[in-house]
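Hi,

Here is the structure I promised to pass on to you. Have a look at it first, and then read on for what turned up.

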Amino acid sequence: MRVSTTQIFRNGIDSIQQNQVDLSRTQQQLASGRKILSPSDDPAGAVQALQLRSSVDKVEQYQRNADMLTQRLELSETTVGAVVNGLQRVRELALQGNNATQTDESRRYIAGEIRQALGELQQLANSKDANGEYIFAGLSSLTQPFVAGAGGAVEFQGDQGQRSLQISAVRQVPVGDSGFDVFMSVPSGNGTFSVRDDPGNAGTGVIDAGSLVDAGAWVPDTYTIEFGVNSAGERIYQVVGAVTGNVLPASGDVDDAPVYRSGEAISFNGIQTSVQGVPEAGDRFVVEPSARRDLFGIYAGLADALEAPVPNGAARARLNNAVNRALVDLDQGLGRLLDTQASLGARLNTVDTQRNINESQILQLRTNISGIEDLDYAEAISRFNLQQAALQAAQQTYVQVQRLTLFNFL
């Protein structure tokens, strides 16, 4: 077969150009450190790398969510901790104000400090995060959750919703807690029932918080413990249920009623309480199922009780009953706050654990991407040297072939 001079030249040029292309591509790989410069180099690898990058982006977003969540939970935890400290100070003031050595004036000073603590409590309950959102407003994060309502009572304007953030493909963590659950849902009394004295009591009787002895025998109702005198002149008491109508004693006869002795247990329907002091005939104490109270109202009620003058024994008993009731409610509020702190701490631990898992996932995904895309420098340098030699050989061959013409021999 005859090969024309033109074809020989064209083949030589094509060989040189192809070697230049191969050499240039290897140079680009060495410069970028990547062996896949375009999807056509390795279609399957390019698709796999793209999928892995998408997974990295998702996990990095989870990490950003975790960082945001950590900041919010730490702020909530710090705020609740400040509320706990304030509540413990109010409890100390309550015990101090309940001391018989205090005067009306000194109790007013104590009440003034409690009202300052009430203002601080409201400020803490209306705390905002770095984005200007109220941390205890529920889903209504731009609405101030606690405002002064009618009569000075604090009202909740937020909602009971709870927003969550995704920190992994299968895990969501609540961002915060609704202020309604933290501050407005404190169980009164011992959590089963609460006790209170009648405002018209004339004696010196002081009732304790009581306890649940037999849950199966407890019948929720509003009971009145009413004191009187039997035919022998002894002070007795009767218990009447508002709804059930149950009377202790069952006969309703005052001469069958238990004789009252200060500090002795008064037991009925699975519960037990006691009264200290000397109640007058007609004095009453109410035992009713536990209800929900707000922490603001507990503070305010305690301050009101301490501001009231104490001119006689009956007024002293009213003060003691009010302070004792507030102390029990404060303990319930403290329990609610500590539960919230424990929940926040558990969520922070969950976020920390998931963050470590996410970091490991990101590292593994990037390792896989590196295995697909990263260049083997030793192999690439060897290939570069071979391609460079091949290019030089092609160039020299072309020069030699170019000289193969009859004109050189004439």
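Let me start with Arg-355, which is buried, with a relative accessible area of 15%. Please keep in mind that this is a predicted model. The side chain of Arg-355 meets that of Asp-352 in a salt bridge, at 3.0 Å from N to O. Both residues sit in helix H6, three residues apart, which is about one turn of the helix. Which side of the cut-off does Asp-352 fall on, buried or partly exposed? Asp-352 has a relative accessible area of 35%, so it counts as partly exposed.

Helix H6 runs over residues 313-373 and also holds Ser-370. Ser-370 is partly exposed at 28% relative accessible area. Its C-alpha atom lies 8.7 Å from that of Ala-49, although 321 residues separate the two along the chain.

Now for the other salt bridges: a search of the whole structure finds 17. One of them joins Glu-307 to Arg-115, with the closest N and O atoms 2.9 Å apart. This pair links distant parts of the chain, since Glu-307 belongs to helix H5 (residues 295-307) and Arg-115 to helix H3 (residues 104-125), 192 residues apart. Both partners are partly exposed, Glu-307 at 33% and Arg-115 at 32%.

There is also a network of salt bridges that links Arg-72, Asp-129, Glu-133 and Arg-163.

Next, the sheet. It is open and has five strands in the order S6-S14-S9-S10-S11, with antiparallel pairing. Strands S6 (193-197) and S11 (247-248) are at the edges with a single partner strand each, so one side of each has no neighbour in the sheet. S11 pairs with strand S10 (residues 235-241) in the antiparallel sense over two bridges, and Val-240 stands opposite Val-247 in S11.

Two strands of this sheet, S14 and S9, also carry a salt bridge partner each: Arg-284 is in S14 (residues 284-289) and Glu-226 in S9 (residues 223-229), 58 residues apart. Their closest N and O atoms are 3.6 Å apart. Arg-284 is partly exposed at 37%, and Glu-226 is partly exposed at 32%.

Finally, one for when you look at the backbone: Asn-269 has a positive phi of about 45° although it is not a glycine. You will find Asn-269 in the loop between strand S12 (265-268) and strand S13 (271-276), and at 26% relative accessibility it counts as partly exposed.

Best wishes

Terms used:
Residues numbered from 1 in each chain as written. Predicted model: local features only at pLDDT ≥ 70, side-chain atom pairs only at ≥ 80, totals over all residues. Heavy atoms only, no water. Pairing = 2+ DSSP bridges. Helix = DSSP H or I, 4+ residues; strand = E, 2+ residues; numbered from the N terminus. Buried < 20%, exposed > 50% of the residue type's maximum accessible area, 1.4 Å probe, protein only. Salt bridge = Lys/Arg side-chain N within 4 Å of Asp/Glu carboxyl O.
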